[in-house]
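Got the viewer open? Here's a short walk through the model, one selection at a time.

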Amino acid sequence: MGDDELVVIGGSASPVLTENICNILGVSVGEGGVHQFSDGNLFVKVGQNVRGRHVYLVQSTVFPANDHFMELLFWVDALKRASAQSVTVLIPYFSYAKGDKKDEPRVSIRARVCAQSLEAAGADRVVTLDLHAPQIQGFFGVPVDDLYAMPALTDTIAAENLENPVIVSPDAGFAKKAKQYATRLSAPLAIADKERIDHSENARVADLIGDVAGYNAVIVDDFTITMGTLAEVADTLIEKGARSVRAAVTHGVFTGKAMQRLDDSAIETLWVTDSVENQPVTFSPRVKTVGMAPLFAEAIRRIHERESLSVLFS
């Protein structure tokens with residue numbers, strides 16, 4: 001692909017993913033930089049001429065979430081002020097997607113605020129990966145493409161050639177997506193009944209629906225932060241007779257003692273995508289990364305050449 005009109009720029013949260021995407025597309029990484037002043041203010045500058053060009057900006061929004069989201073807004077504003085013809089924002093991990101509703105009195109719908117801010121800054125299109133709540137696409141007035149990590153993750157699971165696999169959803173909320181994993185892998189489905197009573201990021205497994213005895217279990221989910229739920233579900237699966245436990249998660253947002261919980265758990269392997277690359281923890285040897293650059297590169301190519309993205313959702 002020629003780079004006469006296409007520009008791919010990476011924010012400070014996603015430099016490696018950006019470089020991998022550019023390598024696949026056969027273009028150079030766009031020029032620019034970010035400086036943080038001693039008081040915490042961010043300064044963003046585009047380092048090349050983007051007048052009249054289509055720009056694709058890659059930036060996850062976590063570690064730290066607020067700084068990287070503000071940086072994202074500044075990038076969009078800088079590119080629009082530099083007369084870019086369009087700015088497509090690629091957000092591998094949209095951290096505020098968890099704030100998708102007013103589920104208690106006097107709280108902000110944070111995902112809506114973020115969507116409005118991106119539009120106000122000038123974003124023309126948003127591409128993301130496995131939104132925690134797909135209905136967030138409706139918060140935007142611009143096109144949103146919520147890509148799926150499932151095909152890459154199921155291919156990775158299938159390559160293990162597990163005997164008698166069973167797919168396990170860690171809660172009822174993810175059961176529909178977990179069913180898609182099970183269908184692609186021709187495996188049965190089990191569902192953990194999880195209870196969460198506060199904002200402590202801890203939950204407990206109340207029950208398990210489905211038979212796992214004698215099966216090699218694979219827990220699937222969209223993200224994990226503390227590893228608490230995954231570890232507890234894994235222990236429950238072993239108690240119910242599972243022969244082994246693995247897990248596949250789109251977004252590995254690891255904090256605190258997450259790696260210790262993983263190493264202390266029954267989970268033998270944890271597959272995560274590279275949607276979050278500036279982790280504050282050192283990965284356990286049990287963590288294996290599945291690259292998303294081919295998926296994002298294909299999405300950019302199709303958007304840039306005005307082709308349909310529907311094949312990416314089939």
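Start by selecting Y93, F94, A97, K98, L129, D130, L131, H132, F223 and H251: these residues line the largest cavity. Keep in mind that you're looking at a predicted model. The cavity's volume is about 60 Å³, and the structure holds one cavity of 30 Å³ or more. Colour the lining by residue class and you should get six nonpolar, two polar and two charged.

Next stop, helix 2: select residues 65-81. Put a distance between its end C-alpha atoms and you'll read 24 Å. Does that fit or clash with what 17 residues should span? At 1.5 Å a residue the expected span is 24 Å, so the two agree. Now show the side chains of H68, F69, E71, L72, L73, W75, V76, A78 and L79, which are buried in this helix. An α-helix has 3.6 residues a turn, so residues three or four places apart point the same way.

What covers those buried residues of helix 2? Switch on strand 1 (6-10), strand 2 (32-36), strand 3 (42-46), strand 4 (54-58), strand 5 (86-91) and helix 3 (110-121), which are included in the cover. Before moving on, click S83, which follows helix 2 and has a positive phi, near 70°.

Now for the nonpolar interior. In soluble globular proteins, nonpolar side chains tend to be buried together. The largest nonpolar core here has 40 residues, and V8, I21, I167 and F296 are the ones with the most contacts inside it. To see where this core comes from, bring up the elements that give it two or more residues: strand 1, helix 1, strand 4, strand 6 (125-129), helix 4 (150-158), helix 5 (175-184), strand 11 (216-224) and helix 8 (293-304). Helix 8 supplies the largest share, seven residues.

Zoom in on I167 and list its neighbours. Leaving out residues up to four places away in sequence, I167 touches A178, Y181, A182, L185, A187, P188, L189, A190, V218 and V220. Then look for another core, lying apart from the largest one: this one has 34 residues, among them L57, A78, A97 and F140. You've met A78 already as a buried residue of helix 2, and A97 in the cavity lining.

Last stop: N23, in helix 1 (residues 15-25). Is N23 buried or exposed? It counts as exposed, because its relative accessibility is 54%. Finish by drawing a line from the C-alpha of N23 to that of V8: they're 15 residues apart along the chain and separated by 11 Å.

Technical notes. Residues numbered from 1 in each chain as written. Predicted model: local features only at pLDDT ≥ 70, side-chain atom pairs only at ≥ 80, totals over all residues. Heavy atoms only, no water. 1 Å grid on protein atoms, 1.4 Å probe; cavity = no way out; pocket = protein on both sides within 12 Å on 5 of 7 lines; lining within 4 Å. Points joined across faces, edges and corners; volume = space filled by probe spheres on them. Nonpolar A, V, L, I, M, F, W, Y, C, P; charged D, E, K, R; others polar. Helix = DSSP H or I, 4+ residues; strand = E, 2+ residues; numbered from the N terminus. Buried < 20%, exposed > 50% of the residue type's maximum accessible area, 1.4 Å probe, protein only. Expected span 1.5 Å × (residues − 1). Contact = heavy atoms within 4.5 Å. Core = buried A, V, L, I, M, F, W, Y, C linked by side-chain atoms within 4.5 Å.
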